[in-house]
Amino acid sequence: MTTELSIANPCVPQTEDDSSVRAVWDRLSADARSSRDEPLIAGLVLDLIDGCDDLGESLARLAASRIATPEIGRHVLEKEIRAVLTANPRVLDAVADDLVVSYERNPAYPNYLVPYLFAKGFLGLQMHRVAHEMWKAGRVMAASFLQSRNSEVFAMDIHPAARVGSGILVDHATGIVVGETCVIGDGVSILQGVTLGGTGNEDGDRHPKIGAGVLLSAGAIVLGNVRVGDCSRVAAGSVVLDEVPPHTTVAGVPAKVVRRHADSLVPAERMDQEINSGS
């Protein structure tokens, strides 16, 4: 069993001023201006960036356009999502942090606009943030709808009760599953096929607690109410069943400690899945 997780941790550098909501929106707007010559996406940019006054309006419009159904249309969803973002401004702070780290940690992204418009891991995570606020407000059915659409559209299934920090990279996203009582700290990087699940049908606090600055490599599985310590790395394909100490790499089935890191190393930032690196 684990103790209560503190999401923030000193091993993760604090977000600088350039990740503020206003600065991120300005950067997105500049990227949009440089993309207007591409006829295929000109209308998309006009609708989702140029036609909006701020990040909250843009995100609500973008998300609604992706998850609308014939029964629950885009304009209804846009209004509901926008209301949640307006009532919970700290959510937009997390959105901005997520976009900054998505760009910084993934060399495939040439600018902020690409992950914002096209990376399903980024947008799926933001839909979870909205669903989480709905869940906390007692809107269980609305939150469950967003969770369901997140799974259908973005192939990532995060229970709306799960607590997720800020500055998170969800790379590729396909096959990610996060359970109800899971807690994920700030600055974590999560690759495809990661499962943070329970070990059966027990009730109560039954899901993993992921510390700050952790790298969860492709296909990693963490089961049960166990803590993965701050600034640790779970190697690809590993199955974690026990506590993971801070500043370590674990690998294997079941996972065992294979390396101790320098305390200054933040695996989530390095995105290095080589289990022998980081001394």
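**Strand 14, the nonpolar core and an internal cavity**

In this predicted model, strand 12 (residues 233-234) pairs with strand 14 in the parallel sense, over 2 bridges. R233 has T249 as its bridge partner in strand 14. Strand 14 also pairs with strand 15 (residues 256-260), here in the antiparallel sense and over 4 bridges. Across this second pairing, V250 stands opposite V257 of strand 15. The hairpin of strands 14 and 15 has 4 residues between the strands. Within that hairpin, G252 adopts a positive phi near 110°.

Strand 14 spans residues 248-251, and its side chains alternate: T248 and V250 point one way, T249 and A251 the other. All four of these residues are buried.

The largest nonpolar core comprises 69 residues. L28, Y116, I184, L196 and L216 have the most contacts inside it. Residues up to four places away in sequence were excluded when the contacts of L216 were listed. On that basis, L216 touches V188, S189, I190, L191, V194, L196, I210, V222 and V234. In soluble globular proteins, nonpolar side chains tend to be buried together.

The cavity search gave 1 cavity of 30 Å³ or more. The largest cavity holds about 60 Å³ of space. Its lining consists of L125, M156, I158, V164, I168, V170, I176, V178, I184 and I190. Strand 1 (156-158) and strand 4 (176-178) are the elements that give two or more residues to this lining. By class, the lining has 10 nonpolar residues, no polar and no charged. I184 thus appears twice: among the core residues with the most contacts, and in the lining of the largest cavity. I190, another lining residue, is one of the contacts of L216.

Key
Residues are numbered from 1 along each chain as its sequence is written. This is a predicted model: local features need pLDDT of at least 70, side-chain atom pairs count only at pLDDT 80 or more; totals for chains, interfaces and linings use all residues. Side-chain values use heavy atoms; hydrogens and water are left out. Buried means under 20% relative accessible area, exposed over 50%, partly exposed in between (1.4 Å probe, protein chains only). Two strands pair if DSSP finds at least two bridges between them. A nonpolar core is a set of buried Ala, Val, Leu, Ile, Met, Phe, Trp, Tyr and Cys residues joined through side-chain atoms within 4.5 Å. Contact means heavy atoms within 4.5 Å. On a 1 Å grid over the protein atoms alone, a cavity is a set of points where a 1.4 Å probe fits but cannot get out, and a pocket is an open set with protein on both sides within 12 Å along at least five of seven lines; lining residues have an atom within 4 Å of a point. Grid points are joined across faces, edges and corners, and a volume is the space filled by probe spheres set on the points. Ala, Val, Leu, Ile, Met, Phe, Trp, Tyr, Cys and Pro count as nonpolar, Asp, Glu, Lys and Arg as charged, and the others, Gly among them, as polar.
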